[in-house]
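User: I am new to this structure and would like to go through it in questions and answers. Please begin with whatever term I need in order to follow the naming.

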Amino acid sequence: MTEKADLTAVLDRAAEGGRITPEEALELYRHAPLHALGQAADAVRRRRYAGTEHIATYIIERNINYTNSCVTACKFCAFYAAPKSDKVWTRDLDDILRRCAETVELGGTQIMFQGGHHPDYGVEYYEEHFAAIKAAYPQLVIHSLGASEVEHMARISGVSAEEAIRRIHAAGLDSFAGAGAELLPERPRKAIAPLKESGERWLEIMELAHRLGVESTSTMLMGTGETNAERIEHLRMIRDVQDRTGGFRAFIPYTYQPQNNALKGRTQATLFEYLRLIAVARLFLDNVAHIQGSWLTVGKEVGQLSLHYGADDLGSIMLEENVVSSAGAKHRSNRMEIIDLIRKAGRVPAQRATTYEHIVVHDDPANDPVHDHVVSHLSSTAIEGGTAHPELKILSTN
Ligand code: SF4
């Protein structure tokens, strides 16, 4: 089914909201003209957001890395340190709370608590930290962790995944960030993360979380040597769970960063592959509301383009990010740049909440936060060490 007429018929059906099969998605991904893919995906986005289709969103959040100690040693990861290594660091609760305070001061609404699979951190560690954060800053949404961390902490504490989810949710976790999905099909997952739980298990835990009332986003790491068919299979696995739960709020593909990791940058996704994936995701994941462009990993211009290939959101302006930056992600931005980026892509920018409601719609440039201290007073934060630098760097990722 690679005849042009067949592809056009599939694209037309998808653009009109019809469901496409994994086989059709793969054919589109491989053979449909990029421009036609983008047009069809944008038509779907516009229909889904009829009335607000002129808007593209962003969020202000902080990524708080609590430790880099990790027993899982994923081959694509430049962030972790082996638990007995002299490169291991941890942040204490006071430091974490200081970072939360800075996030609130700078207008952030969400934190992503993210770290390695520490050999000793069980459910209790997360209960204590989430409860402390919520007690001090109830306005902050804790959008953090994912199935991998749940699997790990449950094993450390000797409890079921269900109990782990129930307890950290009760302690303050609002939603799962969906990290750790990497590539869900077995072959590429084993190749890059042999010690991580299987893709099936990752989905099983996310499905469980959705049933327990904890929604999430879903992610995909592109460019570590997976095939096109495996990329589409990843989408199929997410769509099947979503048909049952409706708990994935968004799909966020991002590209492998090549530096300082065991894969040694031997493969990478091209920007065209990335845009095609964004578009096919919008067409195939007809049950997932939001598709996010990850300009931290693909760059601002491609991030802008993604808004014309089906994406409706550019993710976060991060007050701190250390994970993909460690692997070479160099793109930096700030709030005014993101607002400008979205405007120049022909959309009206809106700051959103974790659950995608619009907090501020920047529909009048005269009212822009022109002296935005979030932007102008930021520089850098050390990755290592336990003390928050008073000035923060501002980045963006999922
Ligand atoms: S990706 Fe996460 S689980 Fe894998 S090595 Fe890095 S920190 Fe550990």
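Analyst: Helices and strands are DSSP runs numbered from the N terminus, a helix having at least four residues and a strand at least two. The model is predicted. With that naming, A73 sits in the loop between β1 (55-65) and α4.

User: How many helices and strands are there in the chain?

Analyst: The chain has 398 residues, and buried residues make up 60% of them. Its elements are 16 helices and nine strands.

User: What share of the contacts in the chain with a separation of 6 or more comes from residues 24 or more positions apart?

Analyst: Contact here means heavy atoms within 4.5 Å. Among contacts with a separation of 6 or more, the share from residues 24 or more positions apart is 77%.

User: Which element gives the most to the largest nonpolar core?

Analyst: The largest nonpolar core holds 103 residues, and L28, Y126, F176, F251 and L283 have the most contacts inside it. The element that gives the most to this core, with nine residues, is α11.

User: Does that helix cover other helices, and what else covers the buried residues of α3?

Analyst: In α3, the buried residues are L34, L37, G38, A40, A41, D42, V44 and R45. Their cover includes α1 (4-15), α2 (22-31) and α11 (271-284).

User: How far apart are the end C-alpha atoms of α3?

Analyst: Helix α3 covers residues 34-48, which is 15 residues. At 1.5 Å a residue it should span 21 Å, and the model agrees, because its end C-alpha atoms are apart by 21 Å.

User: What is the phi of the residue that follows α10?

Analyst: Helix α10 takes in residues 228-245, and its end C-alpha atoms are 26 Å apart, in agreement with the expected span. Its buried residues include E230, R231, I232 and H234, and among the elements covering its buried residues are α2, β4 (216-222) and α11. The helix is followed by G246, whose phi is positive, near 65°.

User: Which charged residue is in the shell around the ligand?

Analyst: The shell has six nonpolar, three polar and one charged residues. The residues around the ligand include C70, T72, A73, C74 and H117. Asp, Glu, Lys and Arg count as charged, so the charged member of the shell is K196.

User: Is A73 buried or partly exposed?

Analyst: Phi of A73 is near 50°, a positive value in a residue other than glycine. Its relative accessible area is 30%, and the range for the middle class runs from 20% to 50%. A73 is therefore partly exposed.

User: Is E182 buried or exposed?

Analyst: E182 lies in the loop between α7 (161-171) and α8, with a positive phi near 45°. Its relative accessible area is 4%, and buried means under 20%. E182 is therefore buried.

User: What is the relative accessibility of Q351?

Analyst: Q351 belongs to strand β8 (residues 348-352). Leaving out residues up to four places away in sequence, it touches residues including Y58, G107, R335 and H358. Q351 counts as buried because its relative accessibility is 5%.

User: How far apart in space are L93 and I133?

Analyst: L93 is in helix α4 (residues 93-105) and counts as partly exposed, at 22% relative accessibility. Not counting residues up to four places away in sequence, L93 touches E128, H129 and A132. L93 and I133 are 40 residues apart in sequence, and their C-alpha to C-alpha distance is 8.9 Å.

Note on methods: Residues numbered from 1 in each chain as written. Predicted model: local features only at pLDDT ≥ 70, side-chain atom pairs only at ≥ 80, totals over all residues. Heavy atoms only, no water. Expected span 1.5 Å × (residues − 1). Buried < 20%, exposed > 50% of the residue type's maximum accessible area, 1.4 Å probe, protein only. Core = buried A, V, L, I, M, F, W, Y, C linked by side-chain atoms within 4.5 Å. Near = heavy atom within 4 Å.
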